[in-house]
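Trainee: Before we use any of these terms, I would like to go through how each one is justified. Could we take them in turn?

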Amino acid sequence: IEVDGQSRVMQDVQPLAPGERVAITVSHTFHQSGAHRLEAALDPTEAFPFDDRRTLALDVREKSRVLLVDGQPDEEDGEVFFVRSALDVPDGGIETQSITEVALEETNLDAFDLIWLCNVQAPTQNAAERLEKFVAGGGGLVITCGSLIDAGRYNELMWQDGEGLLPLPVGEGDGGRDRPERALLVNRDHGICNGVAELFELLLPNVVQVKRWLTLDEPADSKASVVARVRGPEGPPLLATRGYGDNGGEV
């Protein structure tokens, strides 16, 4: 795999059966925005050399754009304050925009790379359909749950018996302010931990206190990946993800 005719990475591809498809993952950091050229090639064959090479043009943005949807904008600093403070740092590669739940109905989602629902009570039918289209097209979606969440409505619109956006169905509340639990990283190989797995393993059990949370049920046929749990390796899920759509969007 070659980038801009310079950076070259070699990857082994195992023998494939006729019609078989295998994904090969390659990581590359672009240091300049604008157009870039990627080329993937197999060792040339005498029979079909023209079929052993593919190219792709990428438009790399100056910054990734994140849309923060505030579930409680009337409160001081709202629900997005800490998320915005962590993402929108000087000279960083992320630009955030905050909106209310109502504004989600009319906002152009295609202008963003990721949408973050921050304790949003529940999206409307129209908003859920727009979010589904956004993620199916390759966008990312983060849903952080709080006291305002209408679990039944989320499950109806976004779980849909495992066919919707939610990685897992949302259940009842658990825990208590007077008996905080510890969090634990249980899947250090997940992409969300790329480059920071050791930091998560240090911080989650020693710094993060989980006082109240909404449980996530785990159906036997679930396709979700649980990244972190409460209490221990077999405890309730705290963070779960799932790919959605043919273009690799994730929730």
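Trainee: In what sense do strand β13 and β14 pair, and over how many bridges?

Mentor: This is a predicted model, and in it β13, residues 225–230, pairs with β14 in the antiparallel sense over 4 bridges. Pairing asks for at least two bridges between the strands, so the 4 bridges found here meet that condition. As one of the bridge partners, Thr241 in β14 lies opposite Ser225.

Trainee: What makes β11 and β14 edge strands of the sheet?

Mentor: The open sheet has 4 strands in the order β11-β10-β13-β14, with antiparallel pairing. Because β11 (209–210) and β14 (237–241) each have a single partner strand, one side of each is left without a neighbour in the sheet.

Trainee: Which strands does helix α4 touch when it packs on the sheet?

Mentor: Helix α4, residues 197–206, touches β10 (181–185) and β13, and its direction makes about 165 degrees with that of β10. Touching rests on heavy atoms within 4.5 Å.

Trainee: Which residues are the closest to the centre of the second largest pocket?

Mentor: That pocket has a volume of about 1,500 Å³. Of its 35 lining residues, the closest to the centre are Ile1, Ile24, Ala40, Ala41 and Leu42.

Trainee: How many residues of that lining are nonpolar, polar and charged, and which strand gives the most to it?

Mentor: The lining divides into 18 nonpolar, 6 polar and 11 charged residues. At least two residues come from each of β1 (2–3), β3 (34–41) and β4 (53–60), and β4 gives the most, with 5 residues.

Definitions and conventions:
Residues are numbered from 1 along each chain as its sequence is written. This is a predicted model: local features need pLDDT of at least 70, side-chain atom pairs count only at pLDDT 80 or more; totals for chains, interfaces and linings use all residues. Side-chain values use heavy atoms; hydrogens and water are left out. On a 1 Å grid over the protein atoms alone, a cavity is a set of points where a 1.4 Å probe fits but cannot get out, and a pocket is an open set with protein on both sides within 12 Å along at least five of seven lines; lining residues have an atom within 4 Å of a point. Grid points are joined across faces, edges and corners, and a volume is the space filled by probe spheres set on the points. Ala, Val, Leu, Ile, Met, Phe, Trp, Tyr, Cys and Pro count as nonpolar, Asp, Glu, Lys and Arg as charged, and the others, Gly among them, as polar. Axes are lines fitted to C-alpha atoms, for helices over the stretch in contact, and angles run from 0 to 180 degrees between N-to-C directions.
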